[in-house]
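Please look over the model below, beginning with a single serine and its surroundings and then widening the view to the chain as a whole.

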Amino acid sequence: LAVASQSIPSFLQTGRFGLSINSLTTSFNYGDLNVEQETHRQGFKGLRAGFTYQARVGSGSFIVPELYFALKGGLLKGANSLTTTKSTLRLYSVEAPLLAWVRCDNLYFNAGPYAAYKLGGGSKTEGLEALPESTAKISFRNAPGNFQRWDYGVQAGAGYDFNLMKSPLALDVRYGYDLVNISISVGRYNRILTIGLKITRP
């Protein structure tokens, strides 16, 4: 057992697994070709939940891989040029951030890249007197109006640990900036504000 323990890297021996539940407010940046949509977009309330692992790599510094299921999306108010009436787009994805943490006592700062794979989603457009309400599943085929499966970007934020007995509870605030246009024919880039709670165990 002693030999086996010595063969395990020290950063794994000092690591901590955690559970994270986050409230998301997401919206879409519609790019330079759809600037007029900026006045019509609204925040979409979503959710992200999953696991995190804190691996110590130095005094006060950590590498933190995470794995989440996320519900994200965007809203457009009526009278917009894309859907005419109010519309909602929902996206379901699996996300994997890889963050560098710097800790100062109970306060920490983090930043790093993330990748996401979309599992599916749907859209809903409100109707008018002569135009009924419509709902549809999104498609990932390479055709106008469809979506990209993969996207990636960067995240940065800060948090605070509240030491509650043996399971620290952390408040984490983070902003995500998507670098990939998730639509085939319309500019859509995720912008994500995350406020969440993390519970970790040594």
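Apart from neighbours within four places in sequence, S87 is in contact (heavy atoms within 4.5 Å) with G74, L75, L76, K124 and T125. S87 belongs to strand β5, which covers residues 87–104, strands being DSSP runs of E with at least two residues and helices DSSP runs of H or I with at least four, both numbered from the N terminus. With a relative accessible area of 8%, S87 counts as buried, a word that here stands for under 20%, with exposed for over 50% and partly exposed for what lies in between, using a 1.4 Å probe and protein chains only.

Before going further, it should be said that this is a predicted model, in which local features need pLDDT of at least 70 and side-chain atom pairs count only at pLDDT 80 or more, whereas totals for chains, interfaces and linings use all residues. Residues are numbered from 1 along each chain as its sequence is written, and side-chain values use heavy atoms, with hydrogens and water left out.

The pLDDT, which is the predictor's confidence in each residue on a scale from 0 to 100, averages 86 over the protein chain, and 89% of the residues score at least 70. Among the elements, helix α1 (residues 2–7) has the lowest mean value, 33, and strand β6 (residues 107–125) the highest, 96. Over residues 1–13 the pLDDT stays under 50, and for this stretch the model has 6 contacts beyond four places in sequence.

The protein chain holds 2 helices and 10 strands, and, read from the N terminus, the order is α-α-β-β-β-β-β-β-β-β-β-β. Of the contacts with a separation of 6 or more, 63% are between residues 24 or more positions apart. Of its 202 residues, 42% count as buried.

Within strand β6 lies A115, which is partly exposed at a relative accessible area of 32%. Not counting residues up to four places away in sequence, A115 touches V94, E95, A96, D151 and Y152. The C-alpha atoms of A115 and P97 are separated by 6.4 Å, although the two residues are 18 apart along the chain.

Turning to the interior, the largest nonpolar core (a set of buried Ala, Val, Leu, Ile, Met, Phe, Trp, Tyr and Cys residues joined through side-chain atoms within 4.5 Å) consists of 10 residues, namely F28, Y30, L76, L89, L91, I138, F140, F147, I182 and V186. A second, separate core has 6 residues, among them F62, V64, W101 and A170. L76, listed above as a contact of S87, is thus also a name to look for in the largest core. The contacts of I182, again without neighbours within four places in sequence, are F28, L91, K118, N146, F147, Q148, D151, R188 and N190.

The rings offer a further set of features. Across the whole structure there are 6 aromatic pairs, meaning rings of Phe, Tyr and Trp (its six-membered ring) whose centres lie within 6.5 Å, with planes under 30 degrees apart counted as stacked, over 60 as edge-to-face and the rest as tilted. One of these pairs joins Y160 and F162 edge-to-face, at 5.0 Å centre to centre and 65° between the planes. Y160 is partly exposed, with a relative accessible area of 38%, and F162 is likewise partly exposed, at 40%.
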